[in-house]
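I opened this notebook to keep track of what I looked up, one entry at a time. The model comes first, and my entries follow it.

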Amino acid sequence: MNDNHLHEIRVFENFEMVSYDRGHVVVATEVVDKSLNYYGFAHGGYIFTLCDQISGLVSMSMGAESVTLQSNINYLKSGKLGDSLVIDGLCVHDGKKTKVIDVTVINQNKEDVAKATFTMFVTSK
């Protein structure tokens with residue numbers, strides 16, 4: 001790795017809302033050059049940010065504004081340039097003060113790229 005400077009990572013310039021239902025949101029996107037790390041794979045921060053954003057949208061779909069209180073992500077397969085990703089967020093706990101959202105990222109071959117769980121703290125309704 002000869003490049004000693006940070007490069008910009010972009011996340012939201014090419015996404016499409018597939019479905020937006022109460023407690024369940026699905027978004028599709030394509031891995032672009034600005035989504036890659038130095039090794040040519042989808043940056044972990046890019047994948048995490050997609051999951052975090054979907055978790056917030058799931059919370060909003062239930063009429064609540066929230067912030068991320070806790071999160072866990074498992075990276076299962078590398079994303080590659082040109083991959084089509086589907087990010088699927090589902091509320092599995094709908095509490096008054098917290099919401100727990102499970103997020104799955106799959107590629108065009110239906111392979112799991114990442115699985116994450118987010119605990120969202122409700123700030124207002």
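Entry on valine 25. I began with a single residue in this predicted model and listed what valine 25 touches beyond its neighbours within four places in sequence, which gave me Met17, Ser19, Tyr20, Ile54, Leu57, Val58, Ser61, Ile87, Asp88 and Gly89. I then looked up where valine 25 sits and found it in strand E2. Is valine 25 buried or exposed? Its relative accessible area is 0%, and because buried means under 20%, valine 25 counts as buried. I also noted one distance, since valine 25 and glycine 56 are 31 residues apart in sequence while their C-alpha atoms are 9.8 Å apart in space.

Entry on the whole chain. Stepping back, I counted 1 helix and 6 strands in the protein, and read from the N terminus their order is β-β-α-β-β-β-β. The radius of gyration is 15 Å, close to the 14 Å that the globule rule gives for 125 residues, so the protein is as compact as a globular protein of that length. Along the principal axes, the C-alpha atoms fill a box of roughly 50 × 30 × 25 Å. Of the 125 residues, I found that 37% count as buried. When I took the contacts between residues at least 6 apart in sequence, 65% of them turned out to join residues at least 24 apart.

Entry on surface and charge. The protein exposes about 7,000 Å², and carbon and sulfur atoms supply 53% of that area. I also looked up the charges, of which 11 are positive and 15 negative, and their mean positions lie 8 Å apart.

Entry on the core. Which residues have the most contacts inside the largest nonpolar core? I found Ile47, Cys51, Leu85 and Val105 in that role, within a core of 25 residues. The elements that give two or more residues to this core are strand E2 (24–30), helix H1 (44–61), strand E4 (84–94), strand E5 (98–106) and strand E6 (112–124), and the largest share, 7 residues, comes from H1. For leucine 85 I wrote down the contacts as well, leaving out residues up to four places away in sequence, and among them are Val27, Tyr46, Ile47, Val105 and Val113.

Entry on aspartate 102. This residue lies in strand E5, and at 33% relative accessibility aspartate 102 counts as partly exposed. Aspartate 102 and glycine 89 are 13 residues apart along the chain, and their C-alpha atoms are separated by 5.7 Å. Glycine 89 is also one of the contacts of aspartate 102 outside its neighbours within four places in sequence, together with Asp88, Leu90, Val92, Ala116 and Thr117.

Entry on lysine 110. I found lysine 110 in the loop between E5 and E6, where it is exposed, with a relative accessible area of 66%. Its phi is near 65 degrees, a positive value in a residue other than glycine. I noted this since most residues other than glycine have a negative phi.

Entry on serine 124. My last look-up was serine 124, which is found in strand E6 and is partly exposed, with a relative accessible area of 28%. Not counting residues up to four places away in sequence, serine 124 touches Gly63, Ala64 and Glu65. Serine 124 and histidine 93 are 31 residues apart in sequence, and I read 17 Å between their C-alpha atoms.

Terms used:
Residues numbered from 1 in each chain as written. Predicted model: local features only at pLDDT ≥ 70, side-chain atom pairs only at ≥ 80, totals over all residues. Heavy atoms only, no water. Helix = DSSP H or I, 4+ residues; strand = E, 2+ residues; numbered from the N terminus. Rg over C-alpha atoms; globule rule 2.2 N^0.38 Å. Buried < 20%, exposed > 50% of the residue type's maximum accessible area, 1.4 Å probe, protein only. Contact = heavy atoms within 4.5 Å. Areas by Shrake-Rupley, 256 points an atom, 1.4 Å probe, with all protein chains shown as cover. Lys, Arg positive; Asp, Glu negative; His and termini not counted. Charge placed at Lys NZ, Arg CZ, Asp CG, Glu CD. Core = buried A, V, L, I, M, F, W, Y, C linked by side-chain atoms within 4.5 Å.
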